[in-house]
Amino acid sequence: MAEKKEIIGLSREELTSELARIGEKPFRTKQIWQWLYFHGVTDFSKMTNLSKDLRLKLAETFTISRPKIVTEQISSDKTHKWLLEFSDGQRIEMVYIPEEESGAVCISTQVGCAVGCKFCHTGSQKLTRNLSAGEIVSQFMLARDCYDEWPSPTNEVRHLSNIVVMGMGEPLHNQENVIKAINILTDNEGISLSKRRVTMSTSGIAPKIVETMEATGIRLAISLHAPNNTIREKIMPITKKYPLEDVLSACQKYQNADGSRYITFEYLMLDGINDSFECAEELISLMKKYQLRASFNLIPFNPWPECEFKPSSNNRVHAFAKKLNEAGFAAPIRVARGQDILAACGQLKSKKEQ
Ligand code: SAH
Ligand code: SF4
């Protein structure tokens, strides 16, 4: 017998053609789609508006998978971190960051990361492989299983209200699967997350930025972390390949297509590296030069074992924020969440040190 195919992660078109192969009409796509992504069922026998025969046929043809939970931890601030495993044994981490009546799920796109930013724990774990679209989508679906949030809430009140594509991996190094996954996550007849509530962060793979944003319609965040190429190259070697000029020109092009688009620039505050007044001033001129409508997110550096950097002092971070504010830029200081369980930005890692 042929091996069963994973159904999670197929686009609507792919699902329709897979169904055609087993002799089913296109209108079945919508029914099955709703069972999978609106109701979140993990068993074909629960698809009660389909005939028994069809349910059996589907179960013989497809699987409905979730990643396996290896371990989970909940931090003192309620941040929830899962170590997840896929069918080939590869592992990633996912984090849920709850707020009062909402919360963001931080999902991963790759096992490891090839970008190798010096400050990032994930980057110290080389790239093993890309995640498939199904593996990306099923992370969020598993979070919904855990928080009992099926069927998709029809109002905006949700515990799992936002997605940040900011876990392990560089999303634009896995562009095709990421686009496909986002389009499933934001599909109105399924999980139906509003596009405004999904944000993708990239280290700046310049040639892929505009195309990806056009194909998904979600929000863009750029890991900027430095106001010039000299500093940026030292902490983000990818800058040699895609200098700031290329990244910011792509941002400008993206904004020019629609005046309402806003970009978030993430800026990690590293003691003595990128946190001076001059850096803040240079950053402001850079925004003006490219005429970007943007806000900053100042991120306190989260240390991890054996890293070479130190976080900037509180005073420094506040002074930096003030300077940006005076130039008209919002620059909230991100509160680190889940630090006690290594769940904060840049701390995710799924391989044990040798
Ligand atoms: N690869 C993508 C998305 C994942 S990283 C990217 O780099 O944008 C999510 C954010 O965490 C990025 O802004 C990244 O620069 C930041 N980050 C990495 N290491 C960190 C650390 N040790 N402390 C705080 N933030 C970190
Ligand atoms: Fe990769 Fe992002 Fe970490 Fe850089 S910060 S190594 S791009 S995951």
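In the predicted model, the shell around ligand 1 is made up of nine nonpolar, nine polar and two charged residues. These 20 residues surround the ligand, and the closest are Gly169, Ser201, Ser223, His225 and Asn302. Three strands each supply at least two residues of this shell, namely β10 (residues 198-202), β12 (263-269) and β13 (294-300). Several polar atoms of the protein lie beside oxygen atoms of the ligand. An N or O atom in the side chain of His225 is 2.5 Å from an oxygen atom of ligand 1, and a polar side-chain atom of Glu266 is 3.1 Å from an oxygen atom of the ligand. The backbone also takes part, since a polar backbone atom of Thr202 is found 3.5 Å from a ligand oxygen. Considered alone, ligand 1 exposes 530 Å², of which the protein buries 96%.

Strand β10, which contributes to the ligand shell, also contains Met200. With a relative accessibility of 0%, Met200 counts as buried. Beyond its neighbours within four places in sequence, Met200 is in contact with Val165, Pro171, Leu172, Val178, Thr212, Met213, Ile218, Arg219, Leu220 and Ala221. One of these contacts, Thr212, is twelve residues away from Met200 along the chain, and the C-alpha atoms of the two residues are separated by 9.8 Å.

Thr212 belongs to helix α6 (residues 206-216), where the buried residues are Ala206, Ile209, Val210, Thr212, Met213 and Thr216. The elements that cover these buried residues include α5, β10, β11 (219-223) and α8 (244-256). Directly after α6 comes Gly217, which takes a positive phi of about 70°.

Helix α1 (residues 12-21) has Leu15, Glu18 and Leu19 as its buried residues. These residues lie on the same side of α1, because they cover an arc of only 100° around the axis. The general geometry of such helices is relevant here: an α-helix has 3.6 residues a turn, so residues three or four places apart point the same way. On the other side of α1, Glu13 and Arg21 are exposed. The buried residues of α1 are covered by elements that include β1 (5-6), α2 (27-38), α3 (52-61) and β2 (62-63). As with α6, a glycine with positive phi comes after the helix: α1 is followed by Gly23, with phi near 80°.

Helix α2, among the elements covering α1, holds Arg28. Although Arg28 is a charged residue, its relative accessible area is 18%, and Arg28 is therefore buried, the limit being under 20%. When residues up to four places away in sequence are not counted, Arg28 touches Leu19, Leu50 and Leu54. Leu19 is itself one of the buried residues of α1.

A further buried position is found in helix α4 (residues 133-146), which contains Val137. The relative accessibility of Val137 is 0%, so this residue counts as buried. Apart from residues up to four places away in sequence, Val137 touches Ile8, Tyr37, Ala181, Ile184, Leu185 and Ile191. Val137 and Asn177 are 40 residues apart in sequence, while their C-alpha atoms are 9.8 Å apart in space.

The backbone was also examined for unusual geometry. Most residues other than glycine have a negative phi, and most peptide bonds are trans. Two residues other than glycine with a positive phi are described here. Lys78, with phi near 80°, is found in the loop between β3 (68-74) and β4 (80-85). Its relative accessible area of 57% makes Lys78 exposed. Ser192, with phi near 45°, lies in the loop between α5 (175-185) and β10. In contrast to the exposed Lys78, Ser192 has a relative accessibility of 18% and counts as buried.

A cis peptide bond joins Trp150 to Pro151, with omega near -15°. Pro151 is placed in the loop between α4 and β9 (162-165).

Note on methods. Residues are numbered from 1 along each chain as its sequence is written. Chains are lettered from A and ligands numbered from 1 in the order in which they are written. Side-chain values use heavy atoms; hydrogens and water are left out. A residue is near a molecule or strand if one of its heavy atoms lies within 4 Å of it. A polar contact is a pair of N or O atoms within 3.5 Å; within protein, one must be able to donate a hydrogen and the other to accept it, and residues adjacent in sequence count only if both atoms are side-chain atoms. Accessible areas come from the Shrake-Rupley method with a 1.4 Å probe; for residues, only the protein chains shown count as cover. Helices (H or I, at least four residues) and strands (E, at least two) are DSSP runs, numbered from the N terminus. Buried means under 20% relative accessible area, exposed over 50%, partly exposed in between (1.4 Å probe, protein chains only). The arc is that of the directions from the helix axis to the C-beta atoms. Contact means heavy atoms within 4.5 Å.
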